[in-house]
There are 2 protein chains.
Amino acid sequence: MNIGQAAEASGVSAKMIRYYEQTGLIRRAARTDAGYRSYSEDEVHTLRFVRRARDLGFTVEGIAELLSLWRDRSRHSADVKEMALGHVAGLNRKIAELQSMAATLQTLAECCSGDDRPDCPILQDLETGASAAEEFSPRRFGVLGEFEAIRPASKRRTPRRESA
Amino acid sequence: MNIGQAAEASGVSAKMIRYYEQTGLIRRAARTDAGYRSYSEDEVHTLRFVRRARDLGFTVEGIAELLSLWRDRSRHSADVKEMALGHVAGLNRKIAELQSMAATLQTLAECCSGDDRPDCPILQDLETGASAAEEFSPRRFGVLGEFEAIRPASKRRTPRRESA
DNA sequence: CTTGACCTTCCCACCGTTGGAAGCCGCATC
DNA sequence: GATGCGGCTTCCAACGGTGGGAAGGTCAAG
């Protein structure tokens, strides 16, 4: 099976298959005499695994771990569960952060007349860095740590007293 | 005020200030004879605006629009409101997607004994692409469109019949 | 004058994915 | 056999936003 068919069958684009191979996530595919990559059903199976894990929001690094657990017949399901729950925790942190943003904006938008006049509590909030809706919104926390994939708000934005 | 102080005062790192200037989000700063960037209170004010918008999850592109609305004294608050609500919609789409992932994983994890035996419904699900928890989870929809910032699951992963 | 903290520019890395260019291959059709 | 098209190959660049670091200039205090 050529890479195109493998892509079609697995739901992973040919580009990404090559990328995953290159970065070592999946094993190097066999080649035809002409240098074409050749895939077995088994490899397509693996690709589908990868695809599904990606759909569940795992990073490529996480998928590598999942794959090795998958292949390890003497794995402990506890390890898999731990990974899954860790990821769920990360997702929930993200969700909370996004919800906080949405709530703030929603509140601000509700306070905005939304007509042809220029006065706008949304801009006012952005300008003053905290106003109207502040008491209604649960306050952002920013620090996402480990879970950069979603939005690189990682760590802190300012050095503050970085070096010290 | 040097860039360091401006960073400290605005909460935007010096690196990002230079980047924003370079990409045209903010205006080029005045320079001292030695070539140092020099910032007024007003510019710090703008930087705080940018920072706050970023905290609310706006993309740099979105912030550019917000800034121009902010500076336009004859703006219509309706335009601002529309932007805000559009962004809220994007956030909510993200949130739904993440929640769906989290729910699926949570359910799977709950079905996993989490001991030293290898049997694991989580891996099973990844393997078969849909199993146990399937009927409990609301089904992912993937397509995020415009709102790539969170996780580039953008569009579809496979060409499928893309061109047609 | 030296030291150290700051500033300058420039280039690189991350993550995952897509796009394109340049060049071969396979197959079908003439 | 020649031509052509679609697939395959590799390589390089881009996206968002951010941080890291090198190599060098500057400023203020000692």
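Which hand does the crossing of α4(A) and α5(A) have, left or right? The crossing is left-handed, and the views below, all taken from a predicted model, start from there.

**View 1. Helices α4(A) and α5(A) pack against each other.** Here we look at α4, residues 60–71 of chain A, beside α5, residues 77–111 of chain A. Their axes lie 10 Å apart and make an angle of about 160°. Because angles over 145 degrees count as roughly antiparallel, α4(A) is described as roughly antiparallel to α5(A). On the α4(A) side, look for Gly62(A), Glu65(A), Leu66(A) and Leu69(A). They meet Asp79(A), Val80(A), Met83(A) and His87(A) of α5(A). By class, the residues of this contact between α4(A) and α5(A) are 4 nonpolar, 2 polar and 2 charged.

**View 2. Helix α5(A) also packs with helix α6(A).** Let us now follow α5(A) to its contact with α6, residues 121–128 of chain A. The angle in this pair is about 130°, and the axes are 8 Å apart. That angle makes α5(A) oblique to α6(A). Leu108(A), Ala109(A) and Cys111(A) are the contributors from α5(A), while Pro121(A), Ile122(A) and Asp125(A) come from α6(A). The contact of α5(A) with α6(A) has 5 nonpolar residues, 1 charged residue and no polar ones.

**View 3. Chain B meets chain A.** In this view, 62 residues of chain B touch 62 residues of chain A. On chain B, the elements giving two or more residues to this side are α1, α3 (41–55), α4 (60–71), α5 (77–111) and α6 (121–128). Helix α5(B) gives the most, with 21 residues. The side of chain B that touches chain A holds 30 nonpolar, 15 polar and 17 charged residues.

**View 4. A rotation superposes chain B on chain A.** Turning by 180°, with 0.0 Å of shift along the axis, brings chain B onto chain A with an RMSD of 0.1 Å. The two copies are therefore related as by a two-fold rotation axis. Both copies use the same surface, as 100% of the contact residues of chain B recur in chain A.

**View 5. Residues of chains A and B surround DNA strand C.** Of the 22 residues around this strand, the nearest are Ala34(A), Thr59(A), Asn2(B), Gly4(B) and Arg37(B). Two or more residues each come from α2 (14–22) of chain A and from α1 (3–10) and α2 (14–22) of chain B. The surface near DNA strand C is made up of 9 nonpolar, 6 polar and 7 charged residues.

Methods: Residues are numbered from 1 along each chain as its sequence is written. Chains are lettered from A and ligands numbered from 1 in the order in which they are written. This is a predicted model: local features need pLDDT of at least 70, side-chain atom pairs count only at pLDDT 80 or more; totals for chains, interfaces and linings use all residues. Axes are lines fitted to C-alpha atoms, for helices over the stretch in contact, and angles run from 0 to 180 degrees between N-to-C directions. Helices (H or I, at least four residues) and strands (E, at least two) are DSSP runs, numbered from the N terminus. Angles under 35 degrees count as roughly parallel, over 145 as roughly antiparallel, 65 to 115 as roughly perpendicular and the rest as oblique. A crossing is left-handed if the near helix is turned anticlockwise from the far one by less than a right angle, and right-handed if clockwise. Two residues are in contact if their C-beta atoms, placed from the backbone, lie within 7 Å. Ala, Val, Leu, Ile, Met, Phe, Trp, Tyr, Cys and Pro count as nonpolar, Asp, Glu, Lys and Arg as charged, and the others, Gly among them, as polar. A residue is near a molecule or strand if its C-beta atom, placed from the backbone, lies within 6 Å of it. Copies are superposed by least squares on the C-alpha atoms of residues with pLDDT of at least 70 in both.
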